[in-house]
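Colleague: Could you take me through the ligand site closely, residue by residue? I would also like to hear about whatever in the surrounding fold deserves a second look.

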Amino acid sequence: MARGARRPAHLRVDVVTIFPGMFRAVLGESILKRAQARGVLDIRLHDLRRFTHDRRRSVDDRPYGGGPGMVLMPGPIYEAVESIRQTEPAGRRPHVVLLSPSGSPFTSARAQRLAARRWLILLCGHYEGVDERVLRLVRESVSIGDYVLTGGELPAMVVMDAVARFVPGVVGHADATAEESFTGGLLEYPQYTRPAVFRTMAVPSVLRSGDHRAIARWRRLQATARTAARRPDLLGAAPRRGRTLQSAT
Ligand code: ADE
């Protein structure tokens with residue numbers, strides 16, 4: 001690479017939304033902010049209304065066949081994606097993801113796969129839905145859960161955050177490697193820090209024993225019991241010696 005040339009980010013993410021302002025707080029703080037500052041993530045926001053041509057900057061219209069609400073029109077979305085594509089050489093193709101309550105479930109495994117892509121475009125749906133012809137542009141539709149939010153902006157932020165944690169250099173090495181084996185694993189075991197006794201609640205003595213094998217056994221048991229109580233659906237898939245679901249630090 002030529003001296004002074006910018007090293008390409010590990011992951012570029014373009015977000016198409018009618019509410020770019022919603023993203024600024026999330027992208028302007030903490031780990032995502034630092035990753036962008038270091039050039040590991042390249043996140044670009046695009047206001048869908050910039051790709052409209054009428055005076056009212058309309059992005060939606062009533063559904064054919066009737067029914068409640070408004071549907072995002074295909075025109076501005078196609079123009080937005082085409083304009084974003086033109087910012088890179090023709091050979092580079094973005095992986096286009098639509099955030100939608102009718103998408104496939106978002107999981108850790110899916111986040112890991114998306115992180116391996118070099119370039120994502122996240123399309124935030126809104127109102128009652130998105131014109132079906134937009135799906136021609138889309139490689140996958142993603143839902144973050146079985147509930148309907150007011151739009152795809154919060155889901156896009158959730159996806160970006162979860163995907164970013166798998167991009168090399170975004171979080172510390174130990175955290176990143178802990179993530180690798182947790183898909184289909186167990187919920188996280190209970191964690192404690194100082195003080196050893198807080199308002200009569202003592203830290204389990206095994207954790208202060210210094211016996212690492214006993215600690216590992218205890219954690220495994222706790223994680224299994226917790227998973228059985230809260231997420232029995234995960235238990236069938238738990239690897240015998242796998243790690244546990246790690247929360248973000
Ligand atoms: N848009 C509205 N609700 C959503 C959800 N649950 N997941 C993804 N996109 C959405």
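Modeller: Happy to! When I name a helix or strand, I mean a DSSP run, numbered from the N terminus: a helix is H or I over at least four residues, and a strand is E over at least two. Please keep in mind that this is a predicted model.

Let's begin with the shell. Around the ligand you will find Leu99, Ser100 and Pro101, then Val142, Ser143, Ile144 and Gly145, and further along Tyr147, Val148, Leu149, Gly151 and Pro155. By class, this shell holds eight nonpolar residues, four polar ones and no charged ones.

The polar contacts to pick out here use backbone atoms. A backbone N or O atom of Tyr147 sits 2.8 Å from a nitrogen atom of the ligand. For Leu149, a backbone N or O atom is 3.0 Å from a ligand nitrogen, and a polar backbone atom of Ile144 is likewise 3.0 Å from a nitrogen atom of the ligand. As for cover, on its own the ligand has 260 Å² of accessible area, and the protein covers 97% of that.

Which elements give two or more residues to this shell? They are strand 5 (95-105) and strand 8 (140-143). Strand 5 gives the most, with three residues.

One shell residue, Pro155, also leads us into a helix pair, as it falls within helix 5 (residues 153-164). Two packed helices are described by the angle between their axes and the distance between the axes. For helix 4 (residues 108-115) and helix 5, the axes come within 8 Å and cross at roughly 75 degrees, which means that helix 4 is roughly perpendicular to helix 5. At their contact, Ala111, Leu114 and Ala115 of helix 4 meet Val159, Ala162 and Val163 of helix 5. This contact has six nonpolar residues, with no polar and no charged ones.

Two backbone details are worth a look as well. Pro195 lies in the loop between helix 6 (173-180) and strand 9 (197-198), and the peptide bond leading from Arg194 to Pro195 is cis, with omega near 10 degrees. Ser30 belongs to helix 2 (residues 30-37); although Ser30 is not a glycine, its phi is positive, at about 60 degrees.

Key
Residues are numbered from 1 along each chain as its sequence is written. This is a predicted model: local features need pLDDT of at least 70, side-chain atom pairs count only at pLDDT 80 or more; totals for chains, interfaces and linings use all residues. Side-chain values use heavy atoms; hydrogens and water are left out. A residue is near a molecule or strand if one of its heavy atoms lies within 4 Å of it. A polar contact is a pair of N or O atoms within 3.5 Å; within protein, one must be able to donate a hydrogen and the other to accept it, and residues adjacent in sequence count only if both atoms are side-chain atoms. Accessible areas come from the Shrake-Rupley method with a 1.4 Å probe; for residues, only the protein chains shown count as cover. Ala, Val, Leu, Ile, Met, Phe, Trp, Tyr, Cys and Pro count as nonpolar, Asp, Glu, Lys and Arg as charged, and the others, Gly among them, as polar. Axes are lines fitted to C-alpha atoms, for helices over the stretch in contact, and angles run from 0 to 180 degrees between N-to-C directions. Angles under 35 degrees count as roughly parallel, over 145 as roughly antiparallel, 65 to 115 as roughly perpendicular and the rest as oblique. Contact means heavy atoms within 4.5 Å.
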